[in-house]
Amino acid sequence: MTDFDIIVIGAGHAGCEAARAAARMGQTVGLCVLDESSVAHMPCNPAIGGTAKGHLVREIDALGGLMGEAIDATGIQFKLLNRSRGPAVWSPRAQADKHRYSNWVRDELKREKGISWIRGRVDSVLVKDSKINGVSLSTGACYYCKALVVTTGTFLNGIIHIGPEQHAAGRVGEPPARALAESLKALNFRWGRLKTGTPPRVHRSSIDFTQLSIERGDQDPVPFSFMTKSLEGNQINCYLAHTNERVHSLVRQNLNKSPLFNGQIQGIGPRYCPSLEDKIVRFPKKERHQIFLEPEGIDVDEVYVNGFSMSLPREVQVEIVRSMPGLEQAEIIRPGYAVEYDFIQPTELRQTLESQRISGLYFAGQVNGTSGYEEAAGQGLLAGINAALKVTSQPPFVLSRSEAYIGVMIDDLTTTGCLEPYRMFTSRAEHRLLMRIDNADLRLTSRGREIGLVSKTRWSTFKARQLRYEKNLQVLKKTTVTLTGGRRVRASQALKQPLIHVAQFVRDGQIELDIEEKAKHIDLISVETEFKYEGYLKRQNQQVEKSKRNEGQRIPDNVDFASLPGLSVEVVDRLTRVRPETLGQASRIPGVTPAAVSIILAFVCSGRYYDRKMDTRAQVI
């Protein structure tokens, strides 16, 4: 018998963050993997970040997580997206050398003394008295723990579709987790079925790049991690192509062979990232669609055909790919495919990502209905943190909607659930001007330090950065600058004008700021935004303070909503399913009216609520 404080099932992006966070917080962690070569694997796009996703990575890094440093160490092309727009939506994105990325993360985990590797397939979870007790492997071996984090991605009853072909798999070449899926389902969670897809991979040497437009990275690349001082190595090029009428015609002719359209696939796919078949059907008047060719590494043959996700038969895929300019002689290394999988409805979870039904059982990543490496990593980090706090009987760690994109994501999931794969967008955040990529450390690093996740080195770096920030704010408030025409004004006032930026005053020698050269981008933008958007920031802060008055009002776990007079049957059903933890969360549940929220508030404040009946029968599944 082997005991751990925490066991993590799966070593994808969620599992890696969960295991490392828990280990860094002093817990013994058993990390269950089938194959170490698949640690932090990138089965889809070999990239990290992008709009809103880059915000998640910055927040993960600010809290002391892994992903930001990993991509900075292994990225091969970096871009800061949305530069032409306001700083609230600037987002870093990087192409990764996916094999180097995986190796870097695996090596980092192996350096953590608190992590032990459990090699094998988990077939069941062990539950006793409605509390997690451990896991059982296919070999019959049992491992016991105080908390369990499930990060199984697309593996629960996973099925891959390529035209009429169907293969039981979590992803290509890896078996699904059927027994584990049935073990978890026996715990009576509400489940659903989703699907995602991936495009063909094409051999680099078979592509005529002269027919394609070059997409270069930034000349002065911006890193993800607040700890990264410089980004080393030359950046590779990506390439842009477009579909044509021949491609569209082939898709239309073969729709009856697509599992998405002939009834073979039952799972729901993402609207915001449609397959090629979806694009042609949904946008019949669109003459062409953008396609990006992205190398999966520096020394690898595979090129990822971004925007070309499909599940048509192999021979049809070959014909479609070769109808593209520059790909007339393309050699397909691996065809595109769709994968269906089971997921737990995230309204089953608390905002700590702990199950409401089983104490100590946490879920993170695609198993919660999300898509994307970044969304998975953010959940994994929070699940690992809360699992560590749980086993040491410390208060839980929850991020609010006004505090972090991670908080927005988890509140969305646990409050409204998933009808389709969830993806983070900047539009989901009500207070996005307060939650920029440049101030993620100012928002979150102190919180990471409080729970023991931020290292001494990171804390020292942060305190120096914080001191520079506060000092520079004072300089800009006190210093007078000369504008065009000779008019002199306070720098803080001048920066309110749209076309004036603090960098030009620094270059002109009118202002001397304390700036670390390697952190120049963050130092300048942080202080400039405080003045340029001062009115908007003040308004959003006022909105946050107003919402906090009732937002944080706790709703006891044992409230029986059916016993509260005045609530409709529909509202009671929705409240009972989600079990909101705060009044704010209750107000965001679809179908819960403001009048219902007022009723809940009155009863909670009066203390007149009722215990719900709890099923405490022991289970060992």
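Which backbone oxygen does the side chain of Trp90 reach? In this predicted model, the side chain of Trp90 comes to 3.1 Å from the backbone oxygen of Asn82.

**The loop between E4 and E5**

Both partners of that approach belong to one loop: Asn82 is found between strand E4 (75-81) and strand E5 (91-96), and Trp90 is likewise placed in the loop between E4 and E5. Asn82 has a positive phi of about 65°, although Asn82 is not a glycine. Trp90 counts as buried because its relative accessibility is 13%, and the cut-off for that class is under 20%. Leaving aside neighbours within four places in sequence, the contacts of Trp90 include Leu80, Leu81, Asn82, Arg83 and Arg85, and they also include residues with much higher numbers, among them Ile437, His521 and Ile525. In the sequence Trp90 and Arg436 are 346 residues apart, yet their C-alpha atoms lie 7.7 Å from each other in space.

**Helix H2 and its flanks**

His55, which is in contact with Trp90, is one of the buried residues of H2. Helix H2 covers residues 53-62 and is mostly covered, with 10 of its 10 residues buried. Charged names appear in that buried set, including Lys53, Arg58, Glu59 and Asp61, alongside others such as Leu56, Val57 and Ile60. An α-helix has 3.6 residues a turn, so residues three or four places apart point the same way. In H2, however, burial extends to 10 of 10 residues.

Positive phi values are found on either side of this helix. Ala52, which is not a glycine, has a positive phi of about 70° and lies in the loop between strand E3 (47-49) and H2. Ala52 counts as buried because its relative accessibility is 0%. After the helix comes Gly64, whose phi is also positive, near 105°.

**The chain as a whole**

The protein chain contains 19 helices and 22 strands. Its radius of gyration is 25 Å, close to the 25 Å that the globule rule gives for 621 residues, so the chain is as compact as a globular protein of that length. Taken along the principal axes, the C-alpha atoms fill a box of roughly 80 × 70 × 50 Å. Of the 621 residues, 57% count as buried, and the chain exposes about 26,000 Å², of which carbon and sulfur atoms supply 48%. Among contacts with a separation of 6 or more, residues 24 or more positions apart account for 73%. There are 82 positive and 69 negative side chains, and the centres of these two sets lie 4 Å apart.

**Loop residues and their distant partners**

The table sets out four loop residues, each with a residue that is remote in sequence and the C-alpha separation of the pair.

| Residue | Remote residue | Separation in sequence | C-alpha distance |
|---|---|---|---|
| Trp90 | Arg436 | 346 residues | 7.7 Å |
| Glu348 | Arg579 | 231 residues | 8.3 Å |
| Pro313 | His161 | 152 residues | 9.0 Å |
| Gln497 | Gly134 | 363 residues | 60 Å |

Glu348 is found in the loop between strand E19 (337-344) and strand E20 (361-363), where Glu348 is buried, with a relative accessible area of 2%. A polar contact of 2.7 Å joins its side chain to that of Arg357. Not counting residues up to four places away in sequence, Glu348 touches Glu354, Ser355, Gln356 and Arg357, and also Asn188, Phe189 and Arg190.

Pro313 lies in the loop between strand E17 (302-306) and helix H8 (314-321). At 5% relative accessibility, Pro313 counts as buried, and, with neighbours within four places in sequence left aside, Pro313 is in contact with Ile162, Gly163, Pro164 and Lys257.

Gln497 is placed in the loop between helix H13 (491-494) and helix H14 (502-508). Its relative accessible area is 31%, so Gln497 is partly exposed. Beyond its neighbours within four places in sequence, Gln497 is in contact with Leu483, Arg487 and Lys532. The C-alpha atoms of Gln497 and Gly134 are separated by 60 Å.

Definitions and conventions:
Residues numbered from 1 in each chain as written. Heavy atoms only, no water. Helix = DSSP H or I, 4+ residues; strand = E, 2+ residues; numbered from the N terminus. Rg over C-alpha atoms; globule rule 2.2 N^0.38 Å. Buried < 20%, exposed > 50% of the residue type's maximum accessible area, 1.4 Å probe, protein only. Contact = heavy atoms within 4.5 Å. Areas by Shrake-Rupley, 256 points an atom, 1.4 Å probe, with all protein chains shown as cover. Lys, Arg positive; Asp, Glu negative; His and termini not counted. Charge placed at Lys NZ, Arg CZ, Asp CG, Glu CD. Polar contact = N/O pair within 3.5 Å; in protein donor to acceptor, adjacent residues only side chain to side chain.
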